[in-house]
Amino acid sequence: MKRFLLTLWNDLLGLFYPRICGACGAPLIDGEELLCLYCLCELPRLSYHRYPDDENPLRNIFAGCSSVRQVIAYLHFQKESYVQHLIHEFKYHKNERLAIHIGRLAAEDLQRDGYLTDVDLFVPVPLHPWKMRQRGYNQSERVARGLASVYHHPIDTTSLIRHTYTKTQTRKSAYERRQNVKNVFTVAQPERLAGHHILLIDDVLTTGSTLLNCIDALRDVPDLLISIFVVSTVI
């Protein structure tokens, strides 16, 4: 009887609040969590991190950064694709559970293949406080939570700070993007990061301007190693 009532309640909830796939919008069936089985199987996963450094196209962006070790992107981003819809769901439509889920899926793949084993601290790219209030949460921090649920590393959201508000990067050129985020990050209490190997986490990598400016802000932290994880990249 108890199971019957629970099933009936879930069915009623489904009528008023249908569970839909965060990538394609199709209704989810029993056993599917946030993504339908089709999208889960067909996500355009990338394997650049398995390439030698001189063949990984993402490494070229950070070629002048001696502290950078691994550069990993989980999915390939294309306009009007399922991946764009997925990113928009957790970035603009408050689907924070989806961001955590994607982080966990990526971490399960990476841990199984033996990557990020020497990272010891997760650092999501911060939002400006005004944008944080507008969105309600930092999507990169939610992705970090998903990664941390598998790797069990701490998440640092206070050392790297975004002190200047900037407008969206979407329609800017590579040079404009770099200028738009120039000197907008600072490091509070750099001694907290000294000697760590951190994983910088962001949602989308286009030109790398945001991450490069984060790295610039971190350059004076002693004995710091940096790896990079992004949910998706256009490259």
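**Exercise 1. Determine which side chain of opposite charge is nearest to the buried Arg135, and which residues Arg135 contacts.**

Solution. In this predicted model, Arg135 is buried yet takes part in no salt bridge. The nearest side chain of opposite charge is that of Asp203, 5.4 Å away. A salt bridge requires a side-chain nitrogen of Lys or Arg within 4 Å of a carboxyl oxygen of Asp or Glu, so a separation of 5.4 Å does not qualify. Arg135 belongs to helix 5, which covers residues 129-135. With neighbours within four places in sequence set aside, the contacts of Arg135 are Lys91, Tyr92, Lys94 and Leu127.

**Exercise 2. Identify the salt-bridge partner of Asp203 and state where each member of the pair lies.**

Solution. The partner of Asp203 is Lys91, with an N to O distance of 3.2 Å. Asp203 is located in strand 5 (residues 197-205) and Lys91 in helix 3, so the bridge ties together parts that are 112 residues apart in sequence. Both Asp203 and Lys91 are buried. Lys91 is also one of the residues in contact with Arg135.

**Exercise 3. Describe the packing of helix 4 against helix 6: what are the crossing angle and the handedness?**

Solution. Step one concerns the axes. Those of helix 4 (residues 96-112) and helix 6 (residues 139-151) come within 7 Å and cross at roughly 40°. The two helices are therefore oblique to each other. Step two concerns the handedness, and the crossing of helix 4 and helix 6 is right-handed. Step three concerns the residues that meet. On the side of helix 4 they include Glu96, Ala99, Ile100, Gly103 and Arg104; on the side of helix 6 they include Gln139, Arg142, Val143, Arg145 and Gly146.

**Exercise 4. Analyse the salt bridge between Arg145 and Glu141, and state which residues form a network with them.**

Solution. The closest N and O atoms of Arg145 and Glu141 are 2.9 Å apart. The two residues are four places apart in helix 6, so about one helical turn separates them. An α-helix has 3.6 residues a turn, so residues three or four places apart point the same way. Arg145 is partly exposed, with a relative accessible area of 38%, whereas Glu141 is buried at 12%. Salt bridges link Glu96, Glu141, Arg142 and Arg145 in a network. Within that network, Glu96 belongs to helix 4 and Arg142 to helix 6.

**Exercise 5. State how many salt bridges the structure holds, and locate the one between Glu33 and Arg104.**

Solution. The structure holds eight salt bridges. In the bridge between Glu33 and Arg104, the closest N and O atoms are 3.4 Å apart. Glu33 sits in the loop between helix 1 (2-16) and helix 2 (37-42), while Arg104 is in helix 4, 71 residues away in sequence. Glu33 is partly exposed at 41% relative accessibility, and Arg104 is likewise partly exposed at 24%.

**Exercise 6. Decide whether His85 is buried, partly exposed or exposed, and find its contacts.**

Solution. His85 is in helix 3 (residues 82-92). Its relative accessibility is 35%, so His85 counts as partly exposed. Beyond its neighbours within four places in sequence, His85 contacts Gly22 and Ala23. The C-alpha atoms of His85 and Cys24 are 7.3 Å apart, although 61 residues separate the two in sequence.

**Exercise 7. Summarise the secondary structure and burial of the protein chain.**

Solution. The protein chain has eight helices and six strands, in the order α-α-β-α-α-β-α-α-β-α-β-β-α-β. Of its 235 residues, 47% are buried. Helix 8 (residues 209-218) is mostly covered, with eight of its ten residues buried.

Conventions
Residues are numbered from 1 along each chain as its sequence is written. This is a predicted model: local features need pLDDT of at least 70, side-chain atom pairs count only at pLDDT 80 or more; totals for chains, interfaces and linings use all residues. Side-chain values use heavy atoms; hydrogens and water are left out. Buried means under 20% relative accessible area, exposed over 50%, partly exposed in between (1.4 Å probe, protein chains only). Lys and Arg count as positive and Asp and Glu as negative; His and the chain ends are not counted. Contact means heavy atoms within 4.5 Å. Axes are lines fitted to C-alpha atoms, for helices over the stretch in contact, and angles run from 0 to 180 degrees between N-to-C directions. Angles under 35 degrees count as roughly parallel, over 145 as roughly antiparallel, 65 to 115 as roughly perpendicular and the rest as oblique. A crossing is left-handed if the near helix is turned anticlockwise from the far one by less than a right angle, and right-handed if clockwise.
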